[in-house]
There are 2 protein chains.
Amino acid sequence: MSWRFNALVLTTILALGFSALATSEPRYVILLIGDGMDDSQITLARNYLKGAQGRLQMDSLPFRSSVQVITMSEQDPSKPVYVADSANTATTLATGQVTSRGRIATTAKTDKDLTTIAELAKAAGYATGIVTTASITDATPAAFISHIGLRGCQNSERMWTATSLDKSRQGCEADLKANGGKGSIAEQIAEGTTDLILGGGNKHFQIMAETTDQTVQSIAEANGYSVIHNTKVLQAMTGEEKILGLFARKTMEVKLRGKDDRKAEHPKRKIKNWLSWSPNTATLPEPMQCEANPDFANTPTLPTMTQAALDLLVKRGGDKGFFLMVESASIDKQAHRRNPCGQIGELEQLDDALKKALTFAKQHANTLILVTADHGHAAQIIPLRYALPKKLSTPDKAKFDKSKADIYSPGKVALLQTADDQIMVINYATNNASSADHTGTQVPLMSNQPLPGMMQQSEIFSIMQKYLQL
Amino acid sequence: MSWRFNALVLTTILALGFSALATSEPRYVILLIGDGMDDSQITLARNYLKGAQGRLQMDSLPFRSSVQVITMSEQDPSKPVYVADSANTATTLATGQVTSRGRIATTAKTDKDLTTIAELAKAAGYATGIVTTASITDATPAAFISHIGLRGCQNSERMWTATSLDKSRQGCEADLKANGGKGSIAEQIAEGTTDLILGGGNKHFQIMAETTDQTVQSIAEANGYSVIHNTKVLQAMTGEEKILGLFARKTMEVKLRGKDDRKAEHPKRKIKNWLSWSPNTATLPEPMQCEANPDFANTPTLPTMTQAALDLLVKRGGDKGFFLMVESASIDKQAHRRNPCGQIGELEQLDDALKKALTFAKQHANTLILVTADHGHAAQIIPLRYALPKKLSTPDKAKFDKSKADIYSPGKVALLQTADDQIMVINYATNNASSADHTGTQVPLMSNQPLPGMMQQSEIFSIMQKYLQL
């Protein structure tokens with residue numbers, strides 16, 4: 001198999017969209033990634049936030065493609081693997097190359113560094129920025145601004161302990177500075193050239209850098225970074241210095257949670273039914289609504305970080321322009337936890353960040369906005385053909401007014417009471433483990449610029465590269 | 001809530017795409033529906049048929065939109081229901097109006113007939129055709145050429161017994177001819193004006209029509225239809241007569257099946273683990289490939305029927321043109337049965353029918369091709385992070401070479417050995433009943449003409465209506 005992009009598709013895109021750009025004007029690329037945000041996750045969020053007929057901000061983007069997510073086997077890179085992780089997909093978005101799961105901008109099996117769009121843009125004189133709700137050392141941001149064999153090697157203490165998903169690889173010994181490598185992800189970021197990096201993961205910067213008695217933060221400061229820890233300081237920045245904003249110890253808090261912190265739950269089977277051959281009647285979880293996560297109150301929102309990034313990068317980019325990646329990471333992380341309200345709030349954050357990007361694009365003609373997902377996720381919207389708890393009041397109540405269901409999901413479900421006062425049933429049933437699985441579906445790509453109907457994920461890199469004339 | 005389409009979107013489409021059409025040339029609309037064919041079902045079929053990097057015919061279509069599938073509550077049509085069935089979605093595609101589940105071109109609650117695109121096209125002088133692999137009386141084809149309160153009322157014997165999914169409604173008494181109605185779906189088709197109807201469902205036409213001693217087939221013949229039962233006769237048709245092709249008793253046979261007719265299966269848990277609190281180890285099903293379904297040999301394929309329809313309708317449409325709907329129905333029906341090979345073969349049939357449509361479009365300039373799904377379905381591609389049976393040989397074998405998995409789907413899974421000699425795991429876990437569920441995801445729309453990035457399902461009707469100047 002060949003892993004190259006489709007030259008014809010790119011030619012079409014160029015002919016359709018980019019030819020009219022004035023070459024002397026600054027150019028801006030804003031790549032927004034909803035981690036795990038496939039069509040199913042988008043629909044459930046829209047249904048809850050805007051109603052079944054409502055429109056998200058992303059629904060207003062005039063052009064759409066669908067993206068084949070391609071993953072290599074580490075053992076045999078000529079073979080595909082059908083479900084990706086965020087490390088290999090972020091690598092593809094950042095570098096245009098396909099790799100294996102767990103890898104951060106390095107090649108499968110041969111472990112060579114791959115040049116990223118942020119590095120190419122920086123070298124060409126653009127400002128570059130990364131905004132995420134995850135640790136800035138987490139897989140998606142890391143793949144744009146570092147190179148390492150395993151995503152787990154986020155700081156110097158994890159260089160021996162990190163393991164691949166399949167347990168076949170452990171540690172990043174070759175990447176140790178002592179072995180001539182570039183060190184952990186945090187160290188690479190601290191020593192890097194990215195103009196602005198905002199997100200969580202402060203803990204990784206308070207650890208001593210390899211073979212030094214300095215924290216990684218102090219190394220970043222020595223490298224010219226203003227390291228900041230709260231939004232007020234961020235708002236006061238002028239863009240004169242490089243900025244490393246660390247607003248949480250690890251992943252940033254999420255916006256929404258289920259009422260009383262409820263997540264999806266197993267339908268409750270009566271004990272006698274576990275041992276019986278008769279139909280397994282069960283009681284479904286009580287319907288619920290989402291509520292504000294109280295721990296989110298002091299967290300800078302994704303749109304706030306995005307606006308700050310746009311304001312600062314447009315200054316630093318000057319006549320050239322910038323590349324900015326914005327990730328809503330916890331759509332994925334909350335889906336893993338089977339927490340529909342969590343993932344809905346994080347999709348809303350991405351949509352609100354997009355609103356900032358669209359306003360920027362109105363004011364700056366040569367702006368390419370791309371909104372995509374890296375891979376699919378577990379949650380499905382399934383029918384309400386179950387019994388519902390008696391206290392529930394909906395227009396369809398009469399049919400379901402009993403406490404027993406004999407048809408139900410074998411996984412975990414949540415019954416969300418929407419703004420339309422109807423019940424939406426969300427199902428997580430990819431596995432029986434503590435973390436729900438990614439899925440292998442093709443994912444959406446939306447843009448303010450023309451796109452072909454179908455693409456491979458590596459072509460997103462190529463579109464950005466061409467737009468920035470790299 | 002208002003259920004109207006977005007006028008702005010349509011204006012954009014008209015501006016982009018249709019303005020260049022010569023008004024005097026014939027116009028052709030070919031609507032291809034993959035029943036249940038969401039992004040996940042497309043990806044698993046592509047992975048199996050073409051490889052992870054391969055391309056389906058539909059992937060070559062240059063324009064894409066995503067479609068909000070909207071369903072009303074029968075009890076309170078101001079409220080949405082989050083998972084559709086094929087009756088209400090086909091009604092929306094055929095009429096531009098949203099209705100409740102089970103309804104065939106009639107309004108929710110008020111039970112008024114809704115005019116369909118086929119009826120509008122016929123009245124304006126176009127030829128009209130319906131091709132399906134289901135019974136031609138099944139929900140999707142029926143919604144284009146008949147009007148009735150419940151999809152189950154396919155023939156005169158079912159007018160009392162058909163029930164809605166939620167059991168709240170039974171029978172189609174108001175639609176009985178004795179009560180001034182139009183009779184069952186089969187009778188309406190037999191008495192209709194559609195130029196060409198090809199598919200299964202012969203049994204519904206061998207039943208006596210209501211209050212007559214004539215079969216429905218003989219009524220169709222009296223109404224000018226050539227009723228045919230095999231492909232050879234179809235190939236010999238000249239287009240002078242209306243054609244009713246009935247090639248199977250009920251649903252037509254499908255192209256592919258699992259080796260030895262295997263479908264998805266439950267991971268096998270050891271009996272002691274059913275009663276134990278220890279991790280529930282299980283043995284996964286043996287990997288398999290798909291094979292030709294021997295019963296398919298004498299079945300006309302969907303591309304064969306589509307080609308015949310194109311050839312005959314272009315004659316009957318003359319200077320005006322035609323409207324043709326082509327449905328691959330058993331993507332859905334095989335997904336309900338948790339039969340991945342079945343659904344893959346039927347998606348391939350749709351893709352091959354599309355190839356015929358694309359060739360037609362090359363020869364006939366004013367041709368609008370739309371490929372879409374009516375609703376989402378159950379199957380997901382999940383990771384291979386399970387134990388695999390010992391005899392399996394894949395590049396990743398080493399990691400999985402044990403017969404116990406302690407992480408597995410709580411539903412049913414199939415392990416498909418693809419052309420890339422890798423294992424793709426397909427999961428069906430929406431419920432514990434005999435038939436897997438539809439899901440509520442937004443669905444793809446692909447076209448040879450420009451589309452907005454996001455649409456409501458009713459807007460597909462509007463696009464066809466505008467294209468045919470109805």
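Between chain A and chain B, 34 residue pairs are in polar contact, each residue having pLDDT 80 or more. I should state at once that this is a predicted model. Across the interface of chain A and chain B, however, the rule finds 0 salt bridges.

Which elements of chain A give two or more residues to the side that touches chain B? They are helix 2, strand 2 (63-68), strand 4 (80-81), strand 15 (380-382), strand 17 (423-428) and strand 19 (454-456). Helix 2 of chain A contributes the largest share of that side, with 6 residues. By class, the side of chain A that touches chain B comprises 30 nonpolar, 31 polar and 17 charged residues.

Let me turn to the extent of this interface. Chain A brings 78 residues to the contact, and chain B brings 78 residues. The two chains bury about 6,300 Å² between them, and carbon and sulfur atoms account for 48% of that area. On the side of chain A, the residues that lose the most area to chain B are A:Gln53, A:Arg64 and A:Tyr82, which together make up 13% of what that side buries.

How are the two chains related in space? A turn of 180°, with a shift of 0.0 Å along the axis, lays chain A on chain B with an RMSD of 0.0 Å. That is the relation of a two-fold axis. Moreover, 100% of the interface residues of chain A are also interface residues in chain B, so the copies meet through the same surface.

I now move inside chain A. Its domain assignment gives domain 1, made of 7-255 + 293-378 + 443-467, and domain 2, made of 264-292 + 380-435. Domain 1 of chain A supplies 19 residues to the contact between them, and domain 2 of chain A supplies 23 residues.

The area buried between these two domains of chain A is about 1,700 Å², with 59% of it given by carbon and sulfur atoms. Three residues, A:Tyr48, A:Arg338 and A:Ala378, supply 47% of the area that domain 1 buries against domain 2, more than any other three residues.

How many residue pairs are in polar contact across the interface of domain 1 and domain 2 of chain A? The rule finds 9, with both residues at pLDDT 80 or more. Salt bridges across this domain interface number 0.

On the side of domain 1 that touches domain 2, the elements of chain A giving two or more residues are helix 2 (39-50), helix 11 (330-336) and helix 12 (340-363). Helix 2 of chain A gives the largest share here, 5 residues. This side of domain 1 has 9 nonpolar, 8 polar and 2 charged residues.

Finally, I come to salt bridges in general. Side chains of opposite charge can pair when their charged atoms come close. Over all chains, a search of the whole structure finds 34 salt bridges. One salt bridge joins A:Lys122 and A:Asp195, whose closest N and O atoms are 2.7 Å apart. This pair links distant parts of the chain, 73 residues apart. A:Lys122 lies in helix 4 (residues 117-123) of chain A, whereas A:Asp195 lies in the loop between helix 6 (185-190) and strand 6 (196-200) of chain A.

Conventions:
Residues are numbered from 1 along each chain as its sequence is written. Chains are lettered from A and ligands numbered from 1 in the order in which they are written. This is a predicted model: local features need pLDDT of at least 70, side-chain atom pairs count only at pLDDT 80 or more; totals for chains, interfaces and linings use all residues. Side-chain values use heavy atoms; hydrogens and water are left out. Copies are superposed by least squares on the C-alpha atoms of residues with pLDDT of at least 70 in both. Contact means heavy atoms within 4.5 Å. Domain bounds come from an automatic or database domain assignment. Buried area is the accessible area (1.4 Å probe) that two parts lose on being put together, summed over both. A salt bridge is a side-chain nitrogen of Lys or Arg within 4 Å of a carboxyl oxygen of Asp or Glu. A polar contact is a pair of N or O atoms within 3.5 Å; within protein, one must be able to donate a hydrogen and the other to accept it, and residues adjacent in sequence count only if both atoms are side-chain atoms. Helices (H or I, at least four residues) and strands (E, at least two) are DSSP runs, numbered from the N terminus. Ala, Val, Leu, Ile, Met, Phe, Trp, Tyr, Cys and Pro count as nonpolar, Asp, Glu, Lys and Arg as charged, and the others, Gly among them, as polar.
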